[in-house]
Structures are given as C-alpha cells and as structure tokens.
Amino acid sequence: MKSHVGVAVIGGGVVGCSILYHLTKFGWTDVVLIERSELTSGSTWHAAGGFHTLNADTNMAALQGYTIRLYEELEAISGQSCGLHHVGGLTIATTPERMDYLKTERAKHRYMGLETEIIGPEEIRKRSPIVNTEGVIGALYDPLDGHLDPSGTTHAYAKAARLQGAEIYLRNRVIELKPRADGSWDVVTEQGTIVAEYVVNAAGLWAREVGEMAGVVLPAHPMEHQYLVTDDIPQVYEHETELPHVIDPGGENYLRQEGRGLVIGFYEQACDPWAVDGTAWDFGRDLLPDNLDRIGESLEVAYTRYPCLETAGVKRIINGPFTFAPDGNPLVGPVPGLKNYWAACAVMAGFSQGGGVGLTLAEWMVEGEPSRDVFAMDVARFGDFCTKPYTRTKVTENYQRRFAISYPNEELPAARPLHTTPAYGIWQAQRAVFGAGYGLEQVNYFAPDGEELFETPSFRRSNAFDPTGEECRAVRTAVGINEIHNFGKYEVTGTDAETWLSRIMANRMPQEGRIVLTPMLSPKGRLLGDFTVAKLGPERFQLTASSVAQAYHMRWFEAHLPEAGVAIRNISLDRVGFQIAGPKARELLQRVTRSDVSNEAFRFLSARQIEVGLVPAIVCRITYTGDLGYEIYVAARHQVALYEALSEAGRDLDLRPFGMRAMMSLRLEKSFGAWMREFKPDYTPAETGLDRFVSFKKNDFIGRDAALAEKENPPTRRLCTFVVDAADADVWADEPIWKDGELVGFVTSGGYAHYVEKSVALGFVPPGMIEDGAAFEIEILGDMRAARLITEPLFDPQGERMRG
Ligand SMILES: Cc1cc2nc3c(=O)[nH]c(=O)nc-3n(C[C@H](O)[C@H](O)[C@H](O)COP(=O)(O)OP(=O)(O)OC[C@H]3O[C@@H](n4cnc5c(N)ncnc54)[C@H](O)[C@@H]3O)c2cc1C
C-alpha cells in the first residue's frame, strides 16, 4: 500500500470505481481506491441494473446520456463485459397531465440531442405486447434505455482504472480521517495510514459515517427498495426480440425482461427509511427480509397493466437499501467548510448517473471547475439547514414521489415549516400561500378570501394566476411590499475587504453609499454569481445574491479568502426586511423616516443607513421589480416593528403585499434575468448581457482573461426576450425555440407578465437572428406557439420609473 497519494477514493461501488477511472482518464495516476470488503459490497451488487436518461434537470439528463454512451468505451478499454442490453424504454402516461409532462421532456430532448419520441397506444403494444394499454394515452420512447450487469460494469471501471495506473486496496476499511495542517488528510485504514492530498467519500450506504469521520452531516439517507424476478413467462420468451423497459409511473413500477422472465420493481408509498441511526459496519452482501405487504397494492395495479404477471411464479425477491439526497439527485463536489474533502454519494441511480458523476468530479478536481453547470448535483445546494430528521423526512417524500410528475409551480410539503422569518405570522394572517427555498418559508402569493391556501400544481396557468395579476397591478399603480427572502446576504469587512472583493468580482467596487451590480466569474469566465454590492463604510460591504446559492457562494468565498484582512459572514437569516416598490414607494418611505429620501438626496443605486419607523435600517434604492423602489434591511428582531411602521403609513397609499410569483412576473417586464435561469455557470457575461457589468479598466480579477477573450471572439448565442402567443400555458424553462422550421435555441425562463398583459419568454438564440420583431416559434406542451423577439423591455424601457 502506498503511503502518500494524490487522491484516496473511499468506496468500491459503481460510483467509486467510476471516479477512479475518470481521474486516470484525466491524467491523474497517483490515485487509489480503498474498499472495506470486495468491490460492489454496498448497494451496487443487488441493483436491478436499469439505466435511462430521463431527469428533470437538463444537465443531469445529459450526464445520464454520457454514462450510457460510455459503457461501450469501457468494455473496449477493460476487455470486461458490462452485460449491456440496449432495449429502449417506454414511460407511459395515463393522465393528460402526465402526457403534458412527457411532451415537455420530449421538447427538451430536441436541443439536447436525445432521440426520444412520443408514441400512441398502438405503437406501445407493438413494441411491448405484454402491456395492457387500457387507459394509456401515450408514452415517451427512449432508445437509450436499457440494463446491464452491475457487477461486470463496476469491475470494468476498476479494470480500466488499474490499466491506467490506479491502485485498489480491498478488505481494508477506512476507520478515521484526520486533517493535516497543509490541507491533506491522514486516511487511517485497517492496513495502515495513507496521506492523501484529496479524499473522496464514495462510501454509498456508509457515506453518512464517512462524512462524520470529517465532522460533517451529509444530507443522505438510505431507503429500502424491492424488486421481484419472475419465473419464465411464455409471452416474454416467445417474443421475437428482447422487450423494452416499461415505466408505469401511475402504477409506481418499472419493468424489464430478465432472461426468459421479468423484473418488476416498485417505488411504493408505504416505504421504509433504513438504518436510521447509521449503517452497521458489518452489513455486507446482505439482503433485507422480503416485505410483500409494503408493495401489495402496487402489485395489484401491476397485474392489471401487465396481465402476464398474474400467473407468473416469483423466482426471487430482492429487498435492498440504497441512498438518496432530499431531492433525489447525487451529492458531488467539494464539501463546504472542509478542505480537500469531496463528496460523491447519494447516487440513487448508479448505472444511469455513475459515469456522469465520475466525469464531473474528475473534471472539477483536475481542471478546477466542471465543464457545465452541475448545481443540480452539487453537494453545496444544501446548507446546514439539512438536519438528520429533515433529510430523512425529505428523502422519504422523494422516494414516494419517484414517479410523480414534477410540476414547475409545485411546492413540496414535507419538513415544513423549517426556517421562518419574524414576518411569517403577519403573512399567514393575510392568507399567504407559501413556498420554501433553501429551508426558508417564502410567500408565493396571497389567496383571495374563500379560495384555498394551495396552488394547484400544473404546467398550465394555475389558480395563482389571477391573484398574482392583482398583486402586480398594485405594485405598478400604487405601492407593494414584499419580503426579500429570496436573497442570500453577506457582510464583508476588513482593511482588505475592497481589494479582495475587487479581485473576486468582475465589476469595479462602489463608492461609499453606492451600489453596483456585478457578476462573479470562474477562471474560465463562467457565471458563478450575480451580486449586488453596497458599500456601507470604508471597510464594510453588504452583498446580496440568490438565496439558494448560499453554501455554494460561501464555499467559493472561503476558498479565496486571504489569511488576514478580510472577514465574511453569511447574514441571510439575521438581516431581513422588505422591499417596497411602485410609484408611491418614495412617498411611503418618506412618511416613516426623517431622512431626506427625495430623488436628489437619495439617487438610484444608493445605499443609506437611516432610521425607518422605530428602527435602524440599511436602505438600498434598487428593486428587482424594475420600478421605483427600495430594499429595507433590518436586524431580524426589528422586522415586525418595521412592518408595522410601513403598513400603518401605507394604509391610504393602497399599500399591498405581493409574493414571489408577482416578483417573477414583474422582472420579466424588464427582461431581468434570474439566477439559475438566465444566469448560471453554463453561461458567460457576453452571452447573457452581464458583460455590461464587467470592468476591464480596473485591477485584475478572476475570470478576466476569459471574459476578455470572449469580448474579442463574441459568443454564438445571446439571451433575448420574446413575446409569445400563448394559450393557457406559458413557458417555464427549457422549451425549444424554432425559426423557419429549424431548432435555433432554447428558453431559460418566462411566464405571464401581468401588468403589460403579455406572455414572455427569455432564451438564447444566435446573435445573427436578433432583430426587433423577428418571428420565431416556441414549443409549449407539444404546440408550436408564435413568438416575437423584442429588443426593449416591455415596461419602462428608458428606466425612468426606476431612476426617477
Ligand atoms: C434493490 C435495488 C435496486 C436498484 N436498481 C437500480 C437500477 O436498476 N439502476 C440503477 O442505476 N440503480 C439501481 N439501484 C441503485 C444503485 O444500487 C446505487 O445507485 C449504486 O449502487 C450506488 O453505488 P455507490 O458506489 O454510490 O454505493 P455502494 O454500492 O453502497 O458502494 C459503497 C462502497 O463503499 C464501501 N465503503 C463504505 N465505507 C467504507 C469505508 N469506511 N472504508 C472502505 N470502504 C467503504 C462499501 O463497502 C461499498 O462497497 C438499486 C438499488 C437497490 C437497493
């Protein structure tokens, strides 16, 4: 065993072996894998081996496509068969909503280069005669779906890695991890200690335990899962070719051929979290006792969908555990708060995702950043709000929803409320309908009297449509109040605060009392953040950005902080407040402060520390609604007092609360982008128009060279706004954009802009097509809708309201 290595991967399941292989593929050969027992000794050995590309996140789906296409390369390099069966797969729809969902997926696949198709019941029967299509509307067919041999595939990764220089140490449990002063780790194993520059936790069922060795709680939890293997079935083995996979989401089952019989597995409602207090170290190649009661109901449904099952004997029942994160996607990347400790765990579909996870981790570790946005599987998408009970509750919900439709407007109910601001009760009393982001309750909209406090999940306009319209009109015609809980907030202080900020942000830093907008870039010039920076004192700044990126941004900040001279704090839950927006916003603010807030004294993009009502506040003259408006920040303990003052003073100004749905509608009227929609690490400043906030005249900053290169060599796509001739459904994201019958781009987000009464889409098309009024088509739920490109915002194009 080596004593010093570059990377020690802990865990020899399919994920650990894929990482080892990919690190060697990227040229790192001083890498080892340490396995407690034999390879595949966790979840991997008893997996059903199915693979598919379907994932709500487009980059995850692309990485799943990468995984599936990799297997042939792997077989060629290793000489080891993966036991591939590329039989294709059908996901069937029994409700119009499910059909809508499959159509949106199909639409996304068009620009992702995935050759899926929508087929009807007759074609379903032709491809798989064992399916009873009664009640079936259609299906999505994916030729890439199939299954493999889990053990053969894991060994193929391992062999390929070994051939390229990696070493594997079996029957050698990691028992302790000790950080060293230089950031490397003492990896204490049963066979001795290895010093590793990087550690990767790919410990699958034991990922929680290997996290705790480094003092972190990873939001992962194992669940029990069962599938049955049947005896031979004539309808199966008499079919000329191997049958395709079938997923019947309504029946919560997946089915595939296994030899002359079938395998059928279930994601049942009566599911069981496994090993709640931790996974025993002596759990090995064990199966759990069968529990047919748990899947009895699902089995009944399956007998109707696949009648040949009813008379088939059961050869084997597999009940095994595997691990999930709260949203079902993997946990990958550098773990926030630790140095050189990486996660690659909670991979619930190792044979669809393992290759993509390995590729991403290797790219990120070797090249400094992944080649695409991988936030959907970044371990930093969760923060310290993920306690063990929170994780368990959300993982259970996710398991139950494995085959549920993911509606874009849906708010999941489990483990809520978790975090609330002091204003929570105030909103509740006004009939707020809440959503949650990063663990925090946020108002989506206010339900009118007599209507239920629940937004109907839908791909079409929901029951929130009319109340949201009312709220938008209140903002644009009088003044609205909204809690600014969608911001992550940070305070940066110290003698070197400005120098440091100017190095990690792309724009120049503001004068004292002023605000700037700035992208934060990666060395390769990709967007890592979209920040508002206010200079509050000579050595004091307030930063705001998207709230869901808190751990993600803190990880970046901490990785780039100097030894001394700068301190940064995440103050998101400590400093809260409201924004007031609309033509009467100034009048309202003036009524509650003795400071002069006239346009001359308090210009657009200024920040003041003044008293508002009874309390000290930081007031920034800026608002995401694009109207005249102010963000007012106070200590959490002062939030209720601030609300009382504003609400009392605003009574005869028609002050009205508004929620996130209205805010997102109002920003569309100004063509303002949103983080993780228009702005994310897939895109660059010049593509998104954020290059107007990049200063090449100031000091050197991270990403400058790349941004400069982009300036000299302009991008091939640019973000634009479209007015869409929509019916009862607006775009959400990822819809394809067509011009003259040709696929030319895709939508990043959109919706209905209530005040201007137009359906709006933001999206990317080639720069040569950008012309005011140019005609396009956007595919919404399978229908081609006419769309017109616009080059000016729909509301206040000159910014007179905002600045006036
Ligand atoms: C019944 C069932 C059916 C499934 N069907 C499918 C399917 O059809 N398709 C699909 O894609 N996925 C399926 N899965 C899920 C799949 O099994 C997992 O996604 C995959 O196995 C996860 O692999 P892993 O490498 O992350 O973890 P694991 O397989 O759990 O591997 C972790 C490894 O780490 C080792 N280890 C842990 N701690 C230490 C330590 N301290 N020191 C050294 N070594 C350590 C363990 O011994 C183990 O070998 C199924 C799972 C189950 C239970």
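In this predicted model, an open sheet is built from eight strands in the order S5-S6-S4-S13-S14-S15-S12-S16, and its pairing is mixed. Strands of a sheet pair through backbone hydrogen bonds, either parallel or antiparallel. Strand S5 (117–119) and strand S16 (314–324) stand at the edges with a single partner strand each, so one side of each has no neighbour in the sheet. On average, and with direction ignored, neighbouring strands of this sheet are turned by 25 degrees against each other.

One pairing within this sheet can be followed residue by residue. Strand S4 (residues 89–93) and strand S6 (residues 138–142) run antiparallel and are joined by five bridges. Ala 93 has Gly 138 in S6 as its bridge partner.

Two helices are described against the sheet. Helix H8 (residues 292–305) lies across S4, strand S12 (221–230), strand S13 (245–248), strand S14 (253–258), strand S15 (261–266) and S16. The direction of H8 is at about 45 degrees to S12. Helix H10 (residues 388–400) also packs on the sheet, where it touches S12, S15 and S16. The direction of H10 makes about 25 degrees with that of S12.

A second sheet closes on itself. Its six strands form a closed barrel that runs S32-S35-S34-S33-S36-S37, with antiparallel pairing. Here neighbouring strands are turned by 45 degrees against each other on average, direction ignored. Strand S32 (residues 718–724) is joined by seven bridges to strand S35 (residues 758–765), and these two strands run antiparallel. Within this pair, Cys 720 stands opposite Gly 763 in S35. Helix H17 (residues 660–669) packs on the barrel sheet and touches strand S34 (742–753) and S35. The direction of H17 makes about 125 degrees with that of S34.

The table sets out the two strand pairs for which bridges are listed.

| First strand | Second strand | Bridges | Direction |
|---|---|---|---|
| S4 (residues 89–93) | S6 (residues 138–142) | five bridges | antiparallel |
| S32 (residues 718–724) | S35 (residues 758–765) | seven bridges | antiparallel |

Packing between helices is illustrated by helix H2 (residues 58–78) and helix H9 (residues 350–367). Their axes are 7 Å apart and form an angle of about 100 degrees. Because angles of 65 to 115 degrees count as roughly perpendicular, H2 is roughly perpendicular to H9. On the H2 side, the residues in contact are Met 60, Leu 63, Gln 64, Tyr 66, Thr 67, Leu 70 and Tyr 71. On the H9 side they include Gly 350, Phe 351, Gly 354, Leu 359 and Thr 360. The residues of this contact divide into seven nonpolar, nine polar and no charged.

The model also contains empty space. Rolling a probe the size of a water molecule over the atoms shows where such space is left. The second largest pocket holds about 870 Å³ of space. Its lining has 34 residues, and Pro 334, Trp 364, Arg 555, Trp 556 and Ala 559 lie nearest its centre. H9 and helix H14 (550–560) are the elements that give two or more residues to this lining. H14 gives the most, with six residues. By class, the lining of this pocket comprises 19 nonpolar, five polar and 10 charged residues.

Enclosed space is present as well: the count comes to three cavities of 30 Å³ or more. The second largest cavity has about 60 Å³ of space. Its lining consists of His 52, Thr 53, Leu 54, Thr 91, Thr 116, Leu 140, Asp 142, Asp 145 and Ile 247. These residues divide into three nonpolar, four polar and two charged.

Several single residues in loops complete the description. Arg 173 is placed in the loop between strand S8 (167–169) and strand S9 (174–179). Although Arg 173 and Glu 190 are 17 residues apart in sequence, they are 5.6 Å apart in space, C-alpha to C-alpha. Leaving out residues up to four places away in sequence, Arg 173 touches Arg 36, Val 188, Thr 189, Glu 190 and Trp 281.

Arg 416 and Pro 417 are joined by a cis peptide bond, with omega about -5 degrees. Pro 417 is in the loop between H10 and helix H11 (424–429). Ala 346, which is not a glycine, nevertheless has a positive phi of about 55 degrees. The loop between strand S18 (341–345) and H9 contains Ala 346.

How values were computed: Residues numbered from 1 in each chain as written. Predicted model: local features only at pLDDT ≥ 70, side-chain atom pairs only at ≥ 80, totals over all residues. Heavy atoms only, no water. Pairing = 2+ DSSP bridges. Helix = DSSP H or I, 4+ residues; strand = E, 2+ residues; numbered from the N terminus. Axes fitted to C-alpha atoms, helices over the stretch in contact; angles between N-to-C directions. Contact = heavy atoms within 4.5 Å. Parallel < 35°, antiparallel > 145°, perpendicular 65-115°, else oblique. Nonpolar A, V, L, I, M, F, W, Y, C, P; charged D, E, K, R; others polar. 1 Å grid on protein atoms, 1.4 Å probe; cavity = no way out; pocket = protein on both sides within 12 Å on 5 of 7 lines; lining within 4 Å. Points joined across faces, edges and corners; volume = space filled by probe spheres on them.
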